[in-house]
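Me: I would like to learn how to read strands, sheets and a ligand site in a model like this one. Could you take me through it step by step?

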Amino acid sequence: MNKLLRMENIERFYETPAGVVKALDGVDIEIQEGERVILLGPSGSGKTTLLNCLSALDSPTGGSYTFQGEEVPRNHSEKMTSFRRDNIGYVFQFFNLLQDLTVLENIQLIQELAGKKNPERAKELLALVGLESEINRFPGEISGGQQQRVAIARSIAKKPTLLLGDELTGNLDTETSQKVMLALVEACATENITAVFVTHDESLVEYATRVIRIDSGKIVSDEFTNL
Ligand SMILES: Nc1ncnc2c1ncn2[C@@H]1O[C@H](COP(=O)(O)OP(=O)(O)OP(=O)(O)O)[C@@H](O)[C@H]1O
Ligand SMILES: [Mg+2]
């Protein structure tokens, strides 16, 4: 396996009136292409901060981060945006669908932006997450869990090198989240996408190849599972 990324001694400190908050306090992590990592940890442990640093939405305050052998830009919004556009798919907790576009158009737009237009694939991805009958509705006309599944389909449609998800299945029932996780695992394998998913749900561990636990901004365990 080829190395995709490496973080060494990454720190993300916040200066607050009450003192320094160490959201990430010396994180070392190396991820190989094709891994599916589940990131677990208590509320406030640094999970979202780590995803934001991995995606170059946020800049670490210390340490080194290389992606495909190159230093990831920080504190430079244009370079960070172009890094994200070229490499990252991110499913946020609040899904950011475009309200004036239908479900299908939301998917097609991201394919176009990534230069990967493919109408059949867009429909196929929506079927994979169980939304084949909703493709012509608008986000305001479907449920929160359905919107989340559109956001997941959209993140795969882009074929990112690295796919990040924050509480991906947080709004889904058990059966739907299993279906969606299976679709994601299959898409990651066929499209050669590396993934890091944050969750509180220990049952999702079965879909991962690696489980990392974080507490108080430090990695406390890192285990390979279904390799
Ligand atoms: N802008 C900020 N200013 C100061 N402290 C912050 C800021 N953002 C996050 N923090 C702190 O950094 C720590 C890590 O936050 P983070 O959002 O990464 O946690 P999390 O693991 O994602 O938690 P949750 O499971 O609740 O989403 C927390 O102590 C949080 O209060
Ligand atoms: Mg969080």
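Reply: Gladly! Let's begin with a definition: two strands count as a pair if DSSP finds at least two bridges between them. Keep in mind that this is a predicted model. As a case to practise on, take β9 and β10, which run antiparallel and are joined by 6 bridges.

Me: How many residues lie between β9 and β10 in their hairpin?

Reply: There are 2 residues between these strands, and Ser-216 in the turn has a positive phi of about 50 degrees. For a landmark on the ladder itself, find Arg-213, which stands opposite Ser-221 in β10.

Me: Which residue is the bridge partner of Leu-40 in β9?

Reply: That is Arg-213 again. The general idea is that strands of a sheet pair through backbone hydrogen bonds, either parallel or antiparallel. Here, β3 (residues 36-40) pairs with β9 (residues 210-215) in the parallel sense, over 4 bridges. Another pair on this ladder is Leu-39 with Ile-212 of β9.

Me: What is the strand order of the open sheet of 6 strands, and which strands are at its edges?

Reply: Reading across, the order is β6-β7-β8-β3-β9-β10, and the pairing is mixed. The edges are β6 (88-91) and β10 (218-224), each pairing on one side only. On average, neighbouring strands here are turned by 15 degrees against each other, ignoring direction. Against this sheet packs α1, which touches β3, β6, β7 (162-166), β8 (194-198) and β9. The direction of α1 makes about 155 degrees with that of β7.

Me: What about the open sheet of 4 strands: is its pairing parallel or antiparallel?

Reply: This one is antiparallel, with the order β2-β1-β4-β5. Its edge strands, β2 and β5 (70-71), each have a single partner strand, so one side of each is left without a neighbour in the sheet. Within it, β1 and β2 run antiparallel and are joined by 11 bridges. To find your place on that ladder, look for Arg-12, which stands opposite Leu-24 in β2. Helix α1 packs on this sheet too, touching β1, β2 and β4 (62-67), and its direction makes about 125 degrees with that of β1.

Me: Now the ligand. How many residues surround ligand 1, and which are the closest?

Reply: For a shell like this, count a residue if one of its heavy atoms lies within 4 Å of the ligand. That gives 13 residues around ligand 1, the closest being Ser-43, Gly-44, Lys-47, Thr-48 and Thr-49. By class, the shell has 4 nonpolar, 8 polar and 1 charged residues.

Me: Where are the polar atoms that lie close to the oxygen atoms of ligand 1?

Reply: Look at backbone and side chain separately. A polar backbone atom of Gly-44 is 2.7 Å from a ligand oxygen, and a backbone N or O atom of Ser-45 lies 3.2 Å from one. From Thr-49, a polar side-chain atom lies 2.5 Å from an oxygen of ligand 1. As for cover, ligand 1 taken alone exposes 640 Å², and the protein buries 60% of that.

Me: Which elements give two or more residues to the shell around ligand 1?

Reply: They are β1 (3-16), β2 (19-32) and α1 (47-54). The one that gives the most is α1, with 3 residues.

Technical notes: Residues numbered from 1 in each chain as written. Chains lettered and ligands numbered in written order. Predicted model: local features only at pLDDT ≥ 70, side-chain atom pairs only at ≥ 80, totals over all residues. Heavy atoms only, no water. Polar contact = N/O pair within 3.5 Å; in protein donor to acceptor, adjacent residues only side chain to side chain. Areas by Shrake-Rupley, 256 points an atom, 1.4 Å probe, with all protein chains shown as cover. Nonpolar A, V, L, I, M, F, W, Y, C, P; charged D, E, K, R; others polar. Axes fitted to C-alpha atoms, helices over the stretch in contact; angles between N-to-C directions. Contact = heavy atoms within 4.5 Å.
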